[in-house]
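Let us walk through this structure step by step, beginning with its surface and then turning to its aromatic rings.

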Amino acid sequence: MGNKDYEYPASMNVESRKTHPVEIPPPQPFFKSLKNTVKETLFPDDPLGQFKNQPPCKKFILGLQYLFPIFEWGPRYTLDFFKSDLIAGITIASLAIPQGISYAKLANLPPILGLYSSFVPPLVYAVMGSSRDLAVGTVAVASLLISSMLGDEVNPTENPTLYLHLAFTATFFTGIFEAALGIFRLGFVVDFLSHATIVGFMGGAATVVILQQLKGLLGLDHFTQSTDVISVLRSVFTQTHEWRWESAVLGFCFLFYLLGSRFLSQKRAKLFWISAMAPLMSVILGTIFVYFTHAEKHGVQVIGELKKGLNPVSIMDLSFGAPYLSTAIKTGIITGVVSLAEGIAVGRSFAMFKNYHIDGNKEMIAFGMMNIVGSCTSCYLTTGPFSRSAVNFNAGCKTAVSNIVMALAVMVTLLVLTPLFHYTPLVVLSSIIISAMLGLIDYNAAIHLWHVDKFDFLVCISAYFGVVFASVEIGLVIAVALSLLRVLLFVARPRTLVLGNIPDSKIYRNVEQYTNTDTVPGVLILDLGAPIYFANASYLRERISRWINDEEDKLNSTLQYVILDMGAVGNIDTSGISMLEEVKKNLDRRDLKLVLANPGAEVTKKLNKSKFIETIGQEWIFLTVGEAVESCNYMLHSCKPKSAIDGSFSNNV
């Protein structure tokens with residue numbers, strides 16, 4: 001039974017019941033509207049707001065402080081701050097030196113590059129970075145990516161010079177990519193790496209890194225360049241005759257020491273320094289052991305000679321010629337995305353603890369500049385690793401001066417102490433890497449994802465298995481593809497809900513969530529849960545039609561009105577408007593009335609420009625669902641059925 005079965009009194013209309021009319025926003029010039037859209041997209045934090053109504057001299061100072069935050073907090077720096085930063089800097093240096101050497105070996109680069117990369121980039125970040133707690137350095141996952149992606153094109157053993165130059169070039173492109181994202185305010189690109197993606201990817205990469213360290217633990221001379229678990233295990237178990245028990249025993253002893261010190265530090269937070277100092281102590285003890293026992297003559301491999309001196313200039317080593325330029329660019333972009341996601345996430349986490357804000361785009365510029373400068377000074381990719389930053393945070397750092405102290409400590413090491421690393425066993429470096437990587441396999445986070453969101457768990461586990469059983473790049477592609485698929489599903493298949501009235505109120509909520517809600521006789525209320533675009537317009541049209549069919553199939557259905565709650569529809573395009581027009585035509589054929597409730601300003605403006613408001617009638621657009629239902633009820637109860645009128649007329653005759 002539709003609206004044609006009712007006779008509406010001429011003196012009564014919907015407009016007489018409406019107390020809060022929906023207003024159409026005033027028109028705006030196109031360029032002004034475009035400017036506002038661009039501003040909200042690229043400048044949500046309004047970084048230029050501080051420059052308003054300031055004299056030129058003040059604007060120059062503010063600009064300098066924006067580009068180089070050290071000029072903002074530097075004048076307020078105190079001796080007490082320096083004492084804290086000095087302790088923190090020395091502490092993270094004790095971790096940075098062995099980790100730098102270890103991760104450089106992981107990337108199949110000369111070990112000295114790990115020290116170079118812990119000297120120049122931290123100085124650049126201290127000047128340009130906005131985080132007080134981030135400790136800059138090399139990271140295992142990026143090192144693995146460099147080893148995997150560049151190793152597919154150039155064998156680091158057969159052509160070490162070309163491999164080294166490509167590593168510098170990839171780092172240069174990483175810096176260009178990161179800085180460009182920050183300058184053009186495109187940091188939201190990194191947001192496509194969801195939390196689930198990062199958990200799975202990091203866990204998979206950590207597993208691969210751990211398996212690859214079997215080469216160092218077992219003292220193998222030859223090892224596969226592949227990163228998948230099948231190739232690694234095949235390489236290990238086909239060379240059982242080359243296993244060195246001396247190396248394995250030494251490695252597991254140091255691994256037990258490292259894990260034990262971490263366990264102790266986790267149990268007692270004040271003993272964090274034990275875990276922080278453990279890698280350096282392992283290097284010292286391992287070097288002393290090898291030196292006095294001559295273990296290098298019994299199958300224990302050592303680092304060998306490290307050159308003394310500071311970073312040599314490498315700008316002339318950047319390779320921009322064919323045929324490897326595309327490989328360097330691809331490696332730079334992928335490692336840049338991963339390192340940005342890790343560095344910014346770590347920085348924001350510690351900033352939250354200390355209740356201050358860091359600018360993500362500013363951080364990207366800082367990361368980009370330190371990698372550009374680093375690529376020209378014999379460094380490879382650096383970012384803000386979690387382990388080093390956690391030690392910096394726990395050591396009580398106050399500002400980025402802790403990075404400067406760390407860099408100076410590394411400088412002293414480069415100038416004076418590098419000969420002492422000659423007898424450092426590689427198996428100790430493998431133990432350090434394994435210990436660090438075990439902390440990246442966050443199985444608790446995976447379990448949490450399973451309990452909260454099964455699709456996120458699928459993304460996480462797909463990333464993990466993609467990295468472990470295929471390759472690091474394939475795992476990352478699978479994880480990002482699944483994350484993008486979920487975004488598309490959210491857009492293309494938005495939730496539509498039937499709303500009911502909560503008793504003794506004018507509140508309308510999802511009938512499945514609130515089972516005590518009352519349905520409104522003759523009225524179907526649908527909540528559209530997303531902006532209406534070309535991607536979901538057809539789905540919404542079919543879904544609305546199915547809701548209406550389901551409602552009309554119910555016994556004693558007297559459906560007269562369909563109310564669409566537009567509160568969650570932040571925007572609409574021409575395809576969405578066409579969909580609403582089709583819905584209205586379909587309802588008209590069924591003798592049902594379409595009613596809109598709570599449309600936003602942008603939606604109302606576009607509906608008005610497309611003449612849809614004129615088509616539906618402005619009296620059928622309401623500010624709230626409550627007002628829409630009230631008016632529909634008013635019409636239902638004040639209008640007489642035509643059959644009653646016709647019967648009365650025949651009786652009188």
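In which helix is Phe490 found? In this model, which is predicted, Phe490 is found in helix α21, the helix that covers residues 472-492. Phe490 counts as exposed, because its relative accessibility is 54% and the word exposed is used for values over 50%. Phe490 also belongs to a nonpolar patch on the surface, which it forms together with Phe188, Val189, Phe192, Leu484, Val487, Val491, Tyr533 and Phe534. Taken together, the residues of this patch have about 800 Å² of accessible area.

The surface also carries a patch of another kind, in which Lys32, Lys35, Lys39 and Lys52 gather as positive charge. To look at one of these residues in its setting, take Lys35, whose place is in helix α1, made of residues 30-42. With a relative accessible area of 60%, Lys35 is exposed.

From the surface patches we can turn to the aromatic rings, of which a search of the whole structure finds 18 pairs. One of the aromatic pairs is formed by Phe68 and Phe71, whose ring centres are 6.2 Å from each other and whose planes stand at 90°, so the pair is edge-to-face. Both partners can be placed on the scale of exposure as well: Phe68 is partly exposed at a relative accessible area of 26%, and Phe71 is likewise partly exposed, with a value of 43%. Aromatic residues can also be grouped in a cluster, as is the case for Phe350, Phe353, Phe386 and Phe393, which form one aromatic cluster.

Note on methods
Residues numbered from 1 in each chain as written. Predicted model: local features only at pLDDT ≥ 70, side-chain atom pairs only at ≥ 80, totals over all residues. Heavy atoms only, no water. Patch = residues over 30% accessible without salt bridge, like charges linked within 9 Å, V, L, I, M, F, W, Y side chains within 5 Å. Areas by Shrake-Rupley, 256 points an atom, 1.4 Å probe, with all protein chains shown as cover. Salt bridge = Lys/Arg side-chain N within 4 Å of Asp/Glu carboxyl O. Lys, Arg positive; Asp, Glu negative; His and termini not counted. Charge placed at Lys NZ, Arg CZ, Asp CG, Glu CD. Helix = DSSP H or I, 4+ residues; strand = E, 2+ residues; numbered from the N terminus. Buried < 20%, exposed > 50% of the residue type's maximum accessible area, 1.4 Å probe, protein only. Phe/Tyr/Trp six-rings, centres within 6.5 Å; stacked < 30°, edge-to-face > 60°.
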